[in-house]
Amino acid sequence: MRYLCIHGHFYQPPRENPSLEAIELQDSAYPYHDWNERVASECYAPNATSRILDGEQRIVQLVNNYSRISFNFGPTLLSWIAEKAPKVYEALREADKSSRERYSGHGNAIAQAYNHMIMPLANRRDKVTQVKWGIRDFEHRFGRLPEGMWLPETAVDTETLEVLAENGIKFTILAPRQAKRLRKRGSRSWQDVSGDRVDPSRAYLVQLPSRKTISVFFYDGPISQGVAFERLLDNGQRFADRLISGFSDARQWPQLVHIATDGESYGHHHRFGEMALSYALHHIETNKLAQLTNYGEFLERHPADHFAEIVSNSSWSCVHGVERWRSNCGCNSGGHPGWTQEWRAPLRAALDWLRDELTPFYEQQAAPLLKDPWGARDEYIQVVLNRAEENALNFLGSHATHPLSDEEQVAALKLLEMQRHAMLMYTSCGWFFDELSGLETVQVIQYAGRAIRLAQDLGAKCIESRFMERLAAAKSNLPEYSDGKQIYEKWVKPAFVSTDQLAGHYAISSLFESFGERTKIYCYNVQREDYTLEVEGKQKLGVGRARFSSEITRESASLGFAVLHLGDHNLAGGVSRFEKIEDYDQLKNTLMDSFSKADTTQVLQTLTEKFANNTFTLRTLFRDEQRKIVDVILKESLATVAAAYRSIYENQAPLIRFLNGLSIPVPPAFQSAAQIALNSQLKQAFEQLEPDLDAIKGHLKEAAASNIALDLPGLEYAIRKRLETEAETFASAASNLEVVQKLTTLLKFVSTLPFPVVLWEVQNICYGPLIRTMDEVREQAQTDNEAAKNLFNELALLRESLRINGQ
């Protein structure tokens, strides 16, 4: 009669460049590439292999938390996970599969409205597409139709519930304050439960105007609040006790205690929160304090016998309903006294204007191409999920009014992409935080900019300038950013990517890495048609021609390019569309001839003349490649500088130690030299194929004696990645004594470092092979087989180093 369900809503604000369909380098996430990667490391991956520990803090069991909790992942996040964190992706799929076996055929995963749009503020057409895309994405990921759907920010109105019910969704999850009144089936008497007074222990049925119904679960507010904001996850036992406290002996029906929070609470917002979750579930299940379930199973066993009415235009994260996403209601993330969010209303008004401008344009342009333009948009998700050319052509073939020419295919895909970005621009994060110039708000404006560019490609007039005029009404709290119009000029326009920019990127990159005949740059395919590279000392000249094709719109163009590298950061080049191959050949011959004669001045002059209106430099590169090439360029210079600093430090080290001993501040110049010298040496030492542990000890001793600050995030990351490489070697050769000893020695050394190193992935990699190999050799080790004894003993040492309980 006692059931427990924990729901995690896993979601990250989208961060990709809309023109590239990829996240570029984010320095604020250091030492990770971007924030998705960082949160995945801190939360999504740990929940796939969480730990249950014994009394000595050793690993007893690795568990997949997703197999024991209800969860949803935002589709835009899940697409990133599928590509960048495939182990996590497979763990999610496996968790849903195993949960169907555990919970009477009902999987733990539920769907989400596609791109986290605040549904009550959307028009009906967008509501329908958001739900259909969310369902189709879910089916693609988990191989089944969803029973439930998470509404972004649990924002709800009656029309949204109608759309869910129309599309076969059986239930959704809401906050307790979203319940208005309820009555028992068969009774006409309604009970007012507004103000968080609903009993969360049962399912409720909402009767809709269409006569359809949908079940809703109102989660336990106080316990959910404790998880999110009251550090309940600091202790797994306390978490378990708090969950059990949600049951009441006064209830005479099968009761469900269930909570809902951001899934990132379990590991990202609260470090080791995933372990508290694992412990609590293990404790409750082992001691038979409650039966774990999910919403689908509970609903099948105990259908709703009460009707409920919802508070329309309400949500879980705004006490004013849904005002947080359209007005200066007072809800914000705090920390900025004096700031206002008056910018929210004009931002939404500008986006609403843009949506309404693009709607008739879409209908007019799509009518000759697509039989049912809006029906095609609803089904376009099948192309978003699979960008293969054959799939896109099959989609167009089934929706086109006639066999489309290449140009018409490009136009149709651009129109559909325009509509996709016209929905992405309503992603809720754009209004959630405090400032117009914040990353999340700039992101939604970038989506709007992408929609505008696609419309302009197809002939829309003056739409960008009129949109920017409306953005000007949205005022920033920061004087340097002024308003939305300036932000659009500063951040959105520079992020646009043209085919010419892509060619410039390819040209510069070709000087530093070898491309094959075909290569891929983000969402673009490059087919090389001609290329020549000449090198003279530090100088390089690359001249080529290639066809650049968008994987998204199928638009393509053949461009010629030339780029000259004079050494260091000095690069110059240009791109052009050559009408005749002869013109390209002539330019190539001219440049190569001048370069062979070491006539650099003439090469530069030719580049300037031939590419006068379309030149590029290192600044043109996309951020990741820019950083990669800058690192190559800087490598030699940095080595020289590091050597110079090392020399300075070695000469001044006795004086630095003397000053520290007297508690006299070390001059900043000496301090900087020491920090640069020692941190660079330590990092290089750990990146060696065979790390010199004695040398590393010496560097650390020097740092301690001289009171030098270490680059702890960078060093920890480098050491961790080195350990993970050695762990992979062990996993593939767990019975090799030398491999075992090498990893054990490295782990023993790491335990002596003056800072902790995260061994989570190392433990994950080693856990299975280690336990299996010990089981395999245990019997032989108990005989006179010396080799087996030595191996077993070394494996036992490794087990201890990894804090694994092998009993």
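The following questions and answers introduce a predicted protein model.

In this predicted model, local features need pLDDT of at least 70 and side-chain atom pairs count only at pLDDT 80 or more, while totals for chains, interfaces and linings use all residues. Residues are numbered from 1 along each chain as its sequence is written, and side-chain values use heavy atoms, with hydrogens and water left out.

Visitor: What radius of gyration does the protein have, set against that of a compact globule?

Guide: The radius of gyration is taken over C-alpha atoms, and the globule rule is 2.2 Å times the number of residues to the power 0.38. For 807 residues a compact globule would come out near 28 Å, and the value for the protein agrees with that, being 30 Å.

Visitor: How many helices and strands does the protein have?

Guide: Helices (H or I, at least four residues) and strands (E, at least two) are DSSP runs, numbered from the N terminus. Counted in this way, the secondary structure of the protein comes to 28 helices and 20 strands.

Visitor: Which helix gives the most to the largest nonpolar core?

Guide: A nonpolar core is a set of buried Ala, Val, Leu, Ile, Met, Phe, Trp, Tyr and Cys residues joined through side-chain atoms within 4.5 Å, where buried means under 20% relative accessible area, exposed over 50% and partly exposed in between, with a 1.4 Å probe and protein chains only. The largest such core has 75 residues, and Tyr44, Phe73, Ile81 and Phe239 have the most contacts inside it. With six residues, the element that gives the most to this core is helix α1 (residues 35–48).

Visitor: Is Arg211 buried or exposed?

Guide: Arg211 lies in the loop between β10 (204–207) and β11 (213–218), and although it is not a glycine, Arg211 has a positive phi of about 80 degrees. Its relative accessible area is 72%, so Arg211 counts as exposed.

Visitor: What is the relative accessible area of Ser482?

Guide: Ser482 is placed in the loop between α17 (463–471) and α18 (484–492), and it too is not a glycine, yet has a positive phi of about 60 degrees. Ser482 counts as partly exposed, because its relative accessible area is 31%.

Visitor: Where is Pro31, which a cis peptide bond joins to Tyr30?

Guide: The peptide bond between Tyr30 and Pro31 is cis, with omega of about 10 degrees. As for its place in the chain, Pro31 is found in the loop between β1 (2–10) and α1.
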